[in-house]
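Got the viewer open and a selection box ready? Here is a walk through this structure, one stop at a time.

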Amino acid sequence: MVYKYDFLVIGAGVAGMSYALKVAKAKKGSVCIICKTSLDEANTSFAQGGVASVTNMEVDNFDKHIEDTMIAGDYINDRQAVEQVVRQAPAQIKELVKWGVQFDRGEDGKFDLHREGGHSEFRILHHADDTGAEIQRGLMEAVRACPDITVKENHFAVEIITQHHLGVRVTRRSPHIQCYGAYVLAPPTASDSSSVPGGLPAGAVSARVDTYLAKVTVMCTGGCGAVYLTTSNPVIATGDGIAMVYRAKGTVQDMEFVQFHPTVLHNPKETHPAYLITEAMRGYGGILKLPNGEEFMQKYDERLSLAPRDIVARAIDKEMKIHGLDHVCLDVTHKDPDETRHHFPNIYQKCLSMGIDITTDYIPVRPAAHYMCGGIKVDLNGQTSIERLYALGECSCTGLHGGNRLASNSLIEAVVYADTAARDSLQHVDLYDFNDKVPEWNDEGTMTNEEKVLITQSVREVNQIMANYVGIVRSDLRLHRAWDRLDMLYEETERLFKRVKASRDICELRNMINVGYLITRFALERKESRGLHFTTDYPVHAYDK
C-alpha cells in the first residue's frame, strides 16, 4: 500500500512528538508519526535525571551553562550549537509546561532544581526521579489530543527512500541526494496463503512493507545502546535511524563518542535496559565507594563523584579491574532517609525489591552503554546532508555534546532542535512534491524458524563484540578484532536479508551491525584519547598526566 503525508516523523520520543506537535499546530499539511512499538516506549521514558536549563538567573546564567557544556565536551563541541541550545532552552521549557509536562516545584512555586555532574550550578528541572516518563506522558496526551496527527504504532521503518530506489546511482559525493519518504513494515496480519515449505504454516502471521511518501521526513529514532551487552536503553534502541541514513549515503559524525553512564544498578538479570541510578543522586550527595567503604574518586578528579561522566565511568572501570570487582557502590546512607525517599521514590522502591534499602545500604552500581553523542550530522536547523530529511534527538549529531555529553543536556537539545527544524521545514514544505515514481518494496522471501535462530545468535555476537572490544577502554588491537568479526557478520546478514521476507528482527540486526561498524571505524580513525574515546595506544588523559 502507498500512503502520503506532508510530514513523516520516524520515532516517537521527545524529539519526534515535539516536532509533530509544532508542525501540526501550523496546519500546513498532514502529519504522521511512525512508532516502532507503542507510543510510550522510547528512550525518553527511561531518562530519570531531568532537563538542563538556566532558570535561577540570580546565581546562574547562559555563559556558565555554555562553559560547562564545552568543558564536558572537551572543547570539540560546535559552539554555535551550544549557544543555540542553551539560550533557547528556557522558552522550550515553557512550551513543555504548556503541553502538560509537570516539573517539581518547591513550596514557593518555583522549580525545584537539581545539580548533576559537570554542572557548576543547580539548573536541572525534574519530576521526582522519572522525568523522562513524565515528559513522555505529557507529550503523548498532547499528541493523542491533536486531530491533525496520525500515529502508526508497531510500525517499523526499513529504509528511507532516495534516488537509489528510482534506479539512480547515489554516492556520498552526490550533491543533491533527496529523501522521498520511507518503506515501513506494517504490523503482522493473518495470512491466508497456503503452507510454505520450511516456513510459516497457513494462518500464521505475515507482514508487509508499505510505501510512505512524504514531502518532509524527520528521523527521530533515538540511540543505539542495544548494540552493547549491558545498556540503560531499552532493547529497541538498535540505531535504526543512523543505519538507514548511512546506507542512504548520508553523513554521520562522531560515532566513536559512546557515553557509558557510570551508575546503572548492578543486576545481571536486567541488561536491556539495566536500571539507571540517576546522576542526580550524586548531585544530591551520593558518594562512590568500593564495597569495603573506601572512596576512590579523589585519585581521578578534584570534582570527585561529580566529575563529568567520561571521567567517572573510566575511574569505576579501572577500580573494578584493579580489585577484580563486577561493581562498585554508591552511598547515600549519610543523607536524611525521608529526604532520600522523597527525592528518589522509584529508585528506592526498585532497590527495595532487590533487598536493598538505600537509606541504610550501599547501592551496587557499574557503568553501562547509555548515550550516543555522534550520529546523523545536522546543521543548526536539524537538516541532514540529504535534502528533505531532518534528524532530531539522540540519532542526530548537532555538535552540542562534542566528545562527551553533559548530564541532562539531551532532552533539552531534542526540544530545541525540534523547534528549529519545525520552523525551517514549514518554510520549505510547499516547495516539495510527492514523488510518485517510487516503486513498491520487493519482498517475496520467507522466514524459517532456523533463520530466526541465526538472527538471535548474531545479535548476541554483536553484543559480545562491542562489549569486549569497543567499550570504555579501547586499543587498536581490540578495535581491529571487532572490525574483522563485524565484517563477517555483515556479509552473513546481508546474504540472509536478500533471501528472506523483511521482518523487524532481521532489519534490527542489520542496523546493529552497521552501527557497530561505524563506532569501530570512527574509533580507529581517532588517533588520540578525547572525551569518551579512550585508547591505550594514545593514553594521555587528564588523570594520567
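What follows is a tour of a predicted model, going from core to sheet to rings to charges.

**Stop 1: the cores**

Start with Met219, Tyr228, Ile242 and Ile519. In the largest nonpolar core, which has 75 residues, these four touch the most other members. Now colour helix α14, residues 504–525: the largest share of this core, 11 residues, comes from there. As a general backdrop, nonpolar side chains in soluble globular proteins tend to be buried together.

Zoom in on Met219 and show its surroundings. Leaving aside residues up to four places away in sequence, the contacts of Met219 include Ile10, Ile160, Gly241, Met244 and Val245. Also among them are Ile376, Leu389, Tyr390, Ala391, Leu392 and Cys395.

Then select Met17, Leu39, Val143 and Val429. They belong to a second, separate core, this one of 55 residues.

**Stop 2: a three-stranded sheet**

Switch to cartoon and pick out β11, β16 and β18. These 3 strands make an open sheet, in the order β11-β16-β18, with mixed pairing. Which strands stand at the edges? They are β11 (252–253) and β18 (396–397); each has a single partner strand, so one side of each is left without a neighbour in the sheet.

Select β16, residues 375–377, together with β18: the two run parallel, paired over 2 bridges. To see one residue match, show Lys377 and its bridge partner in β18, Cys397.

**Stop 3: the rings**

Show the aromatic side chains next; the whole structure has 10 aromatic pairs. One of them is Tyr3 with Tyr212, a stacked pair at 4.7 Å centre to centre with 25° between the planes. This pair joins distant parts of the chain: Tyr3 is in strand β1 (residues 2–10) and Tyr212 is in strand β10 (residues 209–219), 209 residues apart. Is Tyr212 buried or exposed? Tyr212 is buried, with a relative accessible area of 0%.

Add Tyr5 to the selection, and you have a cluster: ring pairs link Tyr3, Tyr5 and Tyr212. Then add Lys152, which lies over the face of Tyr3 at 4.0 Å from the ring centre. For another such arrangement, jump to Tyr284, where Lys335 lies over the ring face at 4.6 Å from the centre.

**Stop 4: the salt bridges**

Charged pairs are up next, and there are plenty to click through: the structure holds 38 salt bridges. Begin with Asp419 and Lys22, whose side chains meet in a salt bridge at 3.1 Å, N to O. Here too the link is between distant parts of the chain, with Asp419 in helix α11 (residues 409–428), Lys22 in helix α1 (residues 14–26), and their positions 397 residues apart in sequence. How accessible are the two partners? Asp419 counts as buried at 14% relative accessibility, and Lys22 counts as buried at 11%.

Now go to helix α4, residues 79–98, and select Arg79 and Glu83. They sit 4 residues apart in this helix, about one turn, and form a salt bridge whose closest N and O atoms are 3.7 Å apart. Arg79 is partly exposed at 41% relative accessibility, and Glu83 is partly exposed too, at 24%.

For a salt-bridge network, select Asp74, Glu256, Arg526, Glu528 and Arg530, which are linked in one.

Next, select Asp331 and Lys289. Their salt bridge has its closest N and O atoms 2.7 Å apart, and it links strand β14 (residues 328–331), home of Asp331, to strand β13, home of Lys289, 42 residues apart. Asp331 is buried at a relative accessible area of 3%, and Lys289 is buried at 11%.

**Stop 5: Phe296**

Keep Lys289 on screen and add Phe296. Phe296 is in the loop between β13 (287–289) and α8 (309–323). Is this loop residue buried or exposed? Phe296 is buried, with a relative accessible area of 0%.

Who touches Phe296? Not counting residues up to four places away in sequence, its contacts are Leu288, Lys289, Leu290, Ala315, Ile316, Glu319 and Val328. So Lys289 turns up twice on this tour, because it is a contact of Phe296 and also the buried salt-bridge partner of Asp331.

For a last distance check, draw a line from Phe296 to Ala482: they are 186 residues apart in sequence and 32 Å apart in space, C-alpha to C-alpha.

Definitions and conventions:
Residues numbered from 1 in each chain as written. Predicted model: local features only at pLDDT ≥ 70, side-chain atom pairs only at ≥ 80, totals over all residues. Heavy atoms only, no water. Buried < 20%, exposed > 50% of the residue type's maximum accessible area, 1.4 Å probe, protein only. Contact = heavy atoms within 4.5 Å. Salt bridge = Lys/Arg side-chain N within 4 Å of Asp/Glu carboxyl O. Phe/Tyr/Trp six-rings, centres within 6.5 Å; stacked < 30°, edge-to-face > 60°. Lys NZ or Arg CZ within 6 Å of the ring centre and 35° of its normal. Core = buried A, V, L, I, M, F, W, Y, C linked by side-chain atoms within 4.5 Å. Pairing = 2+ DSSP bridges.
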